[in-house]
Amino acid sequence: MKELMQSLREASIKAINESDNPESIEALRVRYLGKKGELTAILRQMGKLSPEERPAMGQLANQLRSEIEQALELRKTMLSKIVLEKQLEAEAIDVTLPGAEQPVGHKHPMYNVLDQIKDIFVGMGFEIVDGPEVELADYNFTKLNIDEGHPSRDWTDTFYFTEDGKILLRTQTSPMQVHAMETKSLPIRMIAPGRVYRKDEVDATHSPMFHQIEGMVIDKGVTMADLKATLNLVVEKIYGAGTVTRFRPHHFPFTEPSCEMDIQCHKCGGKGCPTCKGEGWIEVLGAGMVHPKVLAGCGIDPDVYSGWAFGMGLERLAMGEYKITDLRLIFDNDVRFLEQF
Ligand code: DAH
């Protein structure tokens, strides 16, 4: 029996030390110490021993049991250490490796200019309003005092949706004047930036879609002097203090009187250069006093209220600010171009 135990000791310790995963350790525990295990089988034979031999053998068997238990425990801890080490090795992160760069975009240069303009007007108490690009001819033309025969209504200039010419893509942001007057309570101070559409061939200065900013003030006692003072202030904020402007008489059906505002060329100071095409002046916007007919058509009494309005092209402004010479660059979304701003 002693020999049996000795060979079990050797075999089990060897097997335990050679096991290489937690499952096989468990299997070995069952194999040696389980109810039907090898040690139990040996103990069953104790009955054959004489009563004198039994205590010593029992002691040996207990000792063997605890030896096997210890060996199992030890191997188990070792294995879990090995597993952990392997896992750490496999999951190791080399913090010295260069990271995968995430390219971060930025605002389009034209929208930087728009933000600047919005800030200036919001600072003066104007609200920013938004409106439909698919518009009724009534709002784009009729309510703005642009009558049926006006050339801007021509099918060769305007994108119409319907044969009857009642629905179109707005050709200007001026219909926002009508929307504002019809829906807002007085006084009104608003700007309305947005897309407009015309049947223009694409070239360096034309695109069938471009952006305008409409502005309008309606209140009691508003005069042309307010218009000039406000627009001069805006221009000075954009182009710098002391920027010289001039207001030229012009005609728009929805303003009376109407004018165009030019700024003295900031490049040549008015002498004439390629930037101003030799003119010394750069046209920046159309403006005027809101026509009494337009006011009345929107339910505002022109004998009590008056107002001024302006409309300017955003692309042209951005091109001037960033010295961009071709309008197409603004819409192409070529990263090589956009990255420069
Ligand atoms: N809507 C005009 C255009 O597209 C620009 C304009 C002129 C707007 C005079 C106005 C204005 O509000 O008063 O050419």
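1. Contacts of Leu 338. In this predicted model, Leu 338 touches His 106, His 108, Pro 109 and Asn 333, leaving aside residues up to four places away in sequence. Leu 338 belongs to helix 12, which spans residues 335-338. Its partner His 108 stands 230 residues away along the chain, yet the C-alpha atoms of Leu 338 and His 108 are separated by 7.0 Å. The relative accessible area of Leu 338 is 16%, and buried means under 20%, so Leu 338 counts as buried.

2. Asn 333, a partner of Leu 338. Asn 333 is among the residues that Leu 338 touches, and its place is in the loop between helix 11 and helix 12. Its phi is near 60 degrees, a positive value in a residue other than glycine. Is Asn 333 buried or exposed? With a relative accessible area of 52%, Asn 333 is exposed.

3. Pro 109 and Val 83. Pro 109, also touched by Leu 338, may be set beside Val 83 of helix 4. These two residues are 26 residues apart in sequence, and their C-alpha atoms are 56 Å apart in space. Val 83 is partly exposed, at a relative accessible area of 45%. The student may wish to compare this pair with Leu 338 and His 108, for which a separation of 230 residues along the chain goes with 7.0 Å between C-alpha atoms.

4. Helix 1 against helix 4. Two packed helices are described by the angle between their axes and the distance between the axes. Helix 1 (residues 2-18) and helix 4 (residues 54-90) pack at an angle of about 5 degrees, and their axes are 9 Å apart. Angles under 35 degrees count as roughly parallel, and helix 1 and helix 4 are therefore roughly parallel to each other. On the side of helix 1, the contact includes Met 5, Leu 8, Ile 13 and Ile 16; on the side of helix 4, it includes Leu 60, Leu 64, Ile 68 and Leu 72. The residues of this contact divide into eleven nonpolar, two polar and five charged.

5. Helix 2 against helix 4. How do the axes of helix 2 and helix 4 cross, at what angle and within what distance? The axes of helix 2 (residues 22-33) and helix 4 come within 10 Å and cross at roughly 175 degrees. Angles over 145 degrees count as roughly antiparallel, and helix 2 and helix 4 are therefore roughly antiparallel to each other. Pro 22, Ile 25, Leu 28, Arg 29, Tyr 32 and Leu 33 of helix 2 meet residues of helix 4 that include Arg 65, Glu 69, Lys 76 and Leu 79. This contact has eight nonpolar, no polar and six charged residues. Ile 68, Leu 72 and Arg 75 of helix 4 appear in the contact with helix 1 and also in the contact with helix 2.

6. The cavity. How many cavities of 30 Å³ or more are counted? The count comes to one, and the largest cavity holds about 60 Å³ of space. Its lining consists of Leu 231, Val 234, Val 235, Ile 238, Tyr 239, Met 261, Val 284, Leu 285, Met 312 and Leu 317. Helix 8 (224-239) and strand 8 (281-290) are the elements that give two or more residues to this lining. Helix 8 gives the most, with five residues. By class, the lining has ten nonpolar, no polar and no charged residues.

7. Helix 10. Leu 317, one of the residues that line the largest cavity, is also one of the buried residues of helix 10 (residues 314-322). The others are Leu 314, Glu 315, Ala 318 and Met 319. The buried residues of helix 10 pack against helix 5 (109-123), strand 5 (209-219), helix 8, strand 9 (306-313) and helix 11 (328-332). Just after helix 10, Lys 323 takes a positive phi of about 55 degrees.

8. Backbone points to inspect. The peptide bond from Leu 186 to Pro 187 is cis, with omega near -5 degrees; Pro 187 is in the loop between helix 7 (175-183) and strand 4 (188-197). A cis peptide bond also joins Glu 256 and Pro 257, with omega about -5 degrees, and Pro 257 lies in strand 7 (residues 255-264). Lys 277, in the loop between strand 7 and strand 8, has a positive phi near 55 degrees and is a residue other than glycine. Lys 277 is exposed, with a relative accessible area of 73%.

Definitions and conventions: Residues numbered from 1 in each chain as written. Predicted model: local features only at pLDDT ≥ 70, side-chain atom pairs only at ≥ 80, totals over all residues. Heavy atoms only, no water. Axes fitted to C-alpha atoms, helices over the stretch in contact; angles between N-to-C directions. Helix = DSSP H or I, 4+ residues; strand = E, 2+ residues; numbered from the N terminus. Parallel < 35°, antiparallel > 145°, perpendicular 65-115°, else oblique. Contact = heavy atoms within 4.5 Å. Nonpolar A, V, L, I, M, F, W, Y, C, P; charged D, E, K, R; others polar. 1 Å grid on protein atoms, 1.4 Å probe; cavity = no way out; pocket = protein on both sides within 12 Å on 5 of 7 lines; lining within 4 Å. Points joined across faces, edges and corners; volume = space filled by probe spheres on them. Buried < 20%, exposed > 50% of the residue type's maximum accessible area, 1.4 Å probe, protein only.
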